[in-house]
Amino acid sequence: MFSSSSSKNLFVRPKLENVVHDSFEKFEKHGFSLMEHSDYDVLEKELEDPEGNYELLFEDNHSVMWKKINGEGGKNCLSAEHSHDTVRHKYKMVVNHPVQIFYDLLKDYERRHLWDKRDGGREILAIFNVEGKPQNQVVEYIVKKGNLIVSSRDFVTINAEKYDEKTNSYLMIGKSVNEFPKESPSSYIRGNILYLGMKIVPIDDKRCEFYCVTQTNMNGYIPNFVYEWALKSLPSEFQVITDEGCHQRIRDGCEAFTNYYKLAKN
């Protein structure tokens with residue numbers, strides 16, 4: 001469905017009347033669950049780490065990465081059949097742009113191909129506004145392009161977010177819902193995001209901090225040297241490409257972007 005080219009927009013814009021649901025009843029048979037309000041508390045606890053479950057992997061002037069050792073997703077708590085890439089990691093970086101510009105960069109899917117060369121396409125499959133649950137939960141189909149060594153991966157995820165006006169901060173939570181009826185092309189390997197949480201908080205009017213907690217089973221074969229390279233290199237690469245992406249938004253005069261979480265409220 002998606003092109004391998006990174007030179008054009010690969011986002012499939014949904015017709016909201018076809019994807020917004022105020023009931024989960026007809027989806028229960030598929031066996032996945034929606035996000036809960038308590039999942040935001042889990043993210044905050046992962047970030048604060050009061051029990052000291054994370055150990056420092058590396059730190060430089062702009063970013064820090066930790067690896068979880070104990071507790072859910074920790075190295076010492078994984079079963080034998082899990083490979084090393086399923087260990088939970090936590091990452092923090094300084095962003096030299098305001099909260100809103102960085103948030104808009106991450107959420108403007110129609111422009112993501114301009115700065116994220118691994119972007120292989122994205123489609124909104126469903127948006128849930130169910131009473132008693134976090135609102136505007138978005139089910140997305142995502143393709144991440146591979147290379148000569150690593151095959152392309154696709155993911156079906158559910159994501160929710162909330163904005164705190166008092167602190168000008170965003171909290172974002174997500175996980176894979178591979179039970180959702182969306183086939184994977186034979187050329188892709190279906191990955192499994194076991195946990196995803198992100199937070200954007202201001203440092204001042206011109207800078208912010210970005211936090212990411214992630215635990216992913218990529219499935220399929222990935223050489224150890226590729227995994228070790230990615231662990232050390234991708235955080236700094238992400239910082240470079242998002243910084244350029246923010247500058248590009250400013251040069252192009254992009255206005256604040258209203259994403260599909262917010263569109264679903266209208």
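**Notebook: cores, strands and spaces**

I began with Phe180, and, leaving aside its neighbours within four places in sequence, I found Phe180 in contact with Phe27, Phe32, Leu125, Ala126, Val139 and Val156. I note at once that the model I am reading is a predicted one.

Entry on the cores. I then asked which residues touch the most other members of the largest nonpolar core. In that core of 28 residues they are Phe128, Val139 and Phe180, and Val139 is also among the contacts I had just listed for Phe180. The elements that each give two or more residues to this core are helix H2, strand E6 (119-128), the strands E7, E8, E9 and E11, and strand E12 (208-217). Apart from this core I found another, which has 23 residues, including Met65, Met93, Val95 and Tyr227.

Entry on strand E8. I looked up strand E8 (residues 153-164) next, and I noted that it is mostly covered, with 9 of its 12 residues buried. Which strands does E8 pair with, and in what sense? With strand E7 (residues 137-144) the pairing is antiparallel and runs over 7 bridges, and here Val138 stands opposite Asn159 in E8. With strand E9 (residues 169-176) the pairing is again in the antiparallel sense, over 8 bridges, and Tyr163 stands opposite Tyr170 in E9. With strand E10 (residues 189-190) the sense is parallel and there are 2 bridges, with Arg153 standing opposite Ile189 in E10. I also followed the chain through the hairpin of E8 and E9, where 4 residues lie between the strands and Asn168 takes a positive phi near 55°.

Entry on the cavity. I searched for enclosed space and found 1 cavity of 30 Å³ or more in the structure, and the space in the largest cavity comes to about 30 Å³. Its lining is made by Leu105, Arg111, Leu114, Trp115, Gly245, Gln248 and Arg249, which by class gives 3 nonpolar, 2 polar and 2 charged residues. Helix H4 (residues 224-251) gives the most to this lining, with 3 residues.

Entry on Arg249. I picked Arg249 out of the cavity lining and placed it in helix H4. Is Arg249 buried or exposed? Arg249 counts as buried because its relative accessible area is 5%, and the cut-off for buried is under 20%. Leaving aside its neighbours within four places in sequence, Arg249 is in contact with Ile101, Asp104, Leu105, Asp108, Arg111, Cys254, Glu255 and Phe257.

Entry on helix H3. Since Leu105 had come up in the cavity lining and among the contacts of Arg249, I turned to helix H3 (residues 99-107), which is mostly covered, with 7 of its 9 residues buried. The buried residues of H3 are Val99, Phe102, Tyr103, Asp104, Leu105, Leu106 and Lys107.

Entry on a pocket. Last, I looked up the second largest pocket, whose volume is about 410 Å³. Of the 22 residues that line this pocket, Val42, Glu46, Glu72, Arg88 and Tyr195 are the closest to its centre. The elements that give two or more residues to the lining are helix H2 (38-48), E9 and strand E11 (192-202). By class, I noted 7 nonpolar, 6 polar and 9 charged residues in the lining of the second largest pocket.

Note on methods. Residues numbered from 1 in each chain as written. Predicted model: local features only at pLDDT ≥ 70, side-chain atom pairs only at ≥ 80, totals over all residues. Heavy atoms only, no water. 1 Å grid on protein atoms, 1.4 Å probe; cavity = no way out; pocket = protein on both sides within 12 Å on 5 of 7 lines; lining within 4 Å. Points joined across faces, edges and corners; volume = space filled by probe spheres on them. Nonpolar A, V, L, I, M, F, W, Y, C, P; charged D, E, K, R; others polar. Buried < 20%, exposed > 50% of the residue type's maximum accessible area, 1.4 Å probe, protein only. Pairing = 2+ DSSP bridges. Contact = heavy atoms within 4.5 Å. Core = buried A, V, L, I, M, F, W, Y, C linked by side-chain atoms within 4.5 Å.
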